[in-house]
Structures are given as structure tokens and as C-alpha cells.
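Here's a quick tour of this chain, going from the overall picture down to a few individual residues. Have the structure open as you read.

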Amino acid sequence: MSIRHGLLALLERGPRYGSQLRTEFESRTGSTWPLNVGQVYTTLSRLERDGMVAQGGEDAAGHALYTITDSGRAELRTWFEKPVDRTSPARDELAIKLAMAVGAPGVDIRNVIQSQRRHTVKAMQDYTRLKAQALLAVESGGARERDDVAWLLVLEQLIFQTEAEARWLDHCESRLIRLSATAADTGAATGTTPGATAGAEAGGASGTRGTAGAGGASGAGAADTPPTQAAPPEAASPVARPH
């Protein structure tokens, strides 16, 4: 996440002080990526060092105001125009967890997948509920309409992301089941035990495959399709829009 570019985008709308930038950033993104004031001022100091912002006096309450410079505007334009680099993807904890669970002693990878699926579906349902609220806010208009539209776009990205995660979990379980079956067939044909093959390591993945609610949704309409699978009460809730 580029905090520096987010702050530059807010400063392009006019001078701001640190805690104001924090509030507006979180309002625009629905607190999906919360900031603390220390992060904001550290980033502002670096931007000032790099000549992209400058301190420009104080407001009536005595807050030090920051303004964007021409260099900062040029940096912001470049950021908007340049695609986000995907050649070095961020580390994904879930992918790492499943990779390490394969063959780990005493770990039933099926339980790992099913536990995550329940959490993912619950998050998808919560995001869909929040999306309905955001749509209502956008349709009703008002002074915060721009922030409501921005929050709606963030929510829809989260919905697409969780839908993709649910489909990937289903795929992982199916893949492990197929590998387990292949290893078992090979062992039967040769009269040996599959042992430490990938199929044996994934043996815990056999059993009834769960569904992922909206996991089958695809395309632009996927974010408009609310999931239907009931979610467990213990699953964690996603971000909530600040008021």
C-alpha cells in the first residue's frame, strides 16, 4: 500500500495537517488500511525531504499545514498513470500456510482449508452487507458522496478478492484429493504404499468438499451476487466504515 501517494492525492485537494490527513485517508478507504498519526507524520517528513510537500503555515487552531509541490504533483500523476507492478507479488500468508501444511506432521490440511473457507465466506457476506450500505449512501447523495463512492470501490475489490480466495480453496482441496487418489492407485498397482508422495501427504484432504457460497461467481457481476452459505458465529468480522 502506498501511503505516500495516498497522502499526496489528499494534499492535491488543498493544504492539510497530519491528523486531518489520517481521518480523510481512513474515510476514503473505510478504515480498510488504518493509519496512525505517527505513520502520517513520518511519511510527511520523508515527502518534505524529497521535495514533494512543504509546510505552509498554520490553520486557525495552530495546526501545521502541509501543501503539495510541483514535484509532488508530478509524482502523483506518474503513480496514477503507471500500472501496479505484479512481477514481485506480496507475500500471502494463506498461500504460505497451505504450502507449509502439505506434509507437515500432525497437520490435517483438510481442516486448515475448511477452517479458512468458513472465515472467507463470513468475510464475503459481511463485505456484501457493507456494500449494500455503501450503495444506499451513494444513491442518497450528500456531502460525503465522493468518499462513499471510493469506499464502494474498495468494498467491491474486497468482495472479488474473497470470492477468488474461496474458489482457490475449493481448487486446493480438489487438487489434493486427486493427488491422493493417484498415489493410492499407483501404490495398488505396484503393491507398495504411497508413503511420502504428494498424494499421501495430502491424504487428509479427502472427504466431502464444501462449497464457498459465492465462489462460483465470475466476471463483473460477481461482486453484486451475495453469498448464500451460512457463516459460523466465531468468524472474524471485516473492516467497518468509520462515521
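Start with the outside: the accessible surface of the protein chain comes to about 13600 Å², and carbon and sulfur atoms make up 55% of that. Of the 243 residues, 37% count as buried. Keep in mind that this is a predicted model. The mean pLDDT of the chain is 80, with 75% of residues at 70 or more.

So where should you be careful? Across residues 193-223 the pLDDT stays under 50, and the model gives this segment 70 contacts beyond four places in sequence. Residues 225-237 also sit below 50, with 29 contacts beyond near neighbours in sequence. Where pLDDT is low, the predicted coordinates shouldn't be read in detail.

**The overall layout**

The chain has eight helices and two strands. In sequence order they run α-α-α-β-β-α-α-α-α-α. Take the contacts between residues at least 6 apart in sequence, and 68% of them join residues at least 24 apart.

Two of the helices can be set side by side:

| Helix | Residues | Number of residues | End-to-end C-alpha distance | Expected at 1.5 Å a residue |
|---|---|---|---|---|
| α2 | 18-29 | 12 residues | 17 Å | 16 Å |
| α6 | 109-140 | 32 residues | 47 Å | 46 Å |

For α2, the distance between the end C-alpha atoms agrees with the expected span, and for α6 the value is likewise close to what is expected.

**Helix α2 and Leu44**

The buried residues of α2 are Gly18, Leu21, Glu24, Phe25, Glu26, Ser27 and Thr29. Right behind the helix comes Gly30, with a positive phi near 65°.

Two of those α2 residues turn up again around Leu44, which belongs to helix α3 (residues 37-49). Is Leu44 buried or exposed? Its relative accessibility is 0%, so it counts as buried, the cut-off being under 20%. Neighbours within four places aside, Leu44 is in contact with Gly18 and Leu21, and also with Leu7, Leu11, Val53 and Tyr66. One of these partners, Leu7, is 37 residues away from Leu44 along the chain, yet their C-alpha atoms are separated by 8.1 Å.

**Helix α6 from end to end**

At the start of α6, Asp108 places a side-chain oxygen within 3.0 Å of the backbone nitrogen of Arg110. At the other end, Gly141 comes just after the helix and has a positive phi of about 70°.

Within α6 you'll find His119. At 32% relative accessibility, His119 counts as partly exposed, because that value falls between the 20% and 50% cut-offs. Follow His119 across to Thr162: the two are 43 residues apart in sequence, with 9.9 Å between their C-alpha atoms.

**An aromatic pair**

The structure holds two aromatic pairs. How are the rings of Trp79 and Phe80 arranged? Their centres are 5.2 Å apart and their planes meet at 40°, so the pair is tilted; the tilted class takes in angles that are neither under 30 degrees nor over 60.

Both of these residues are partly exposed: Trp79 has a relative accessibility of 33%, while for Phe80 the relative accessible area is 48%.

Key: Residues are numbered from 1 along each chain as its sequence is written. Side-chain values use heavy atoms; hydrogens and water are left out. pLDDT is the predictor's confidence in each residue, from 0 to 100. Contact means heavy atoms within 4.5 Å. Helices (H or I, at least four residues) and strands (E, at least two) are DSSP runs, numbered from the N terminus. The expected span of a helix is 1.5 Å times one less than its number of residues. A polar contact is a pair of N or O atoms within 3.5 Å; within protein, one must be able to donate a hydrogen and the other to accept it, and residues adjacent in sequence count only if both atoms are side-chain atoms. Buried means under 20% relative accessible area, exposed over 50%, partly exposed in between (1.4 Å probe, protein chains only). Accessible areas come from the Shrake-Rupley method with a 1.4 Å probe; for residues, only the protein chains shown count as cover. Rings of Phe, Tyr and Trp (its six-membered ring) pair if their centres lie within 6.5 Å; planes under 30 degrees apart count as stacked, over 60 as edge-to-face and the rest as tilted.
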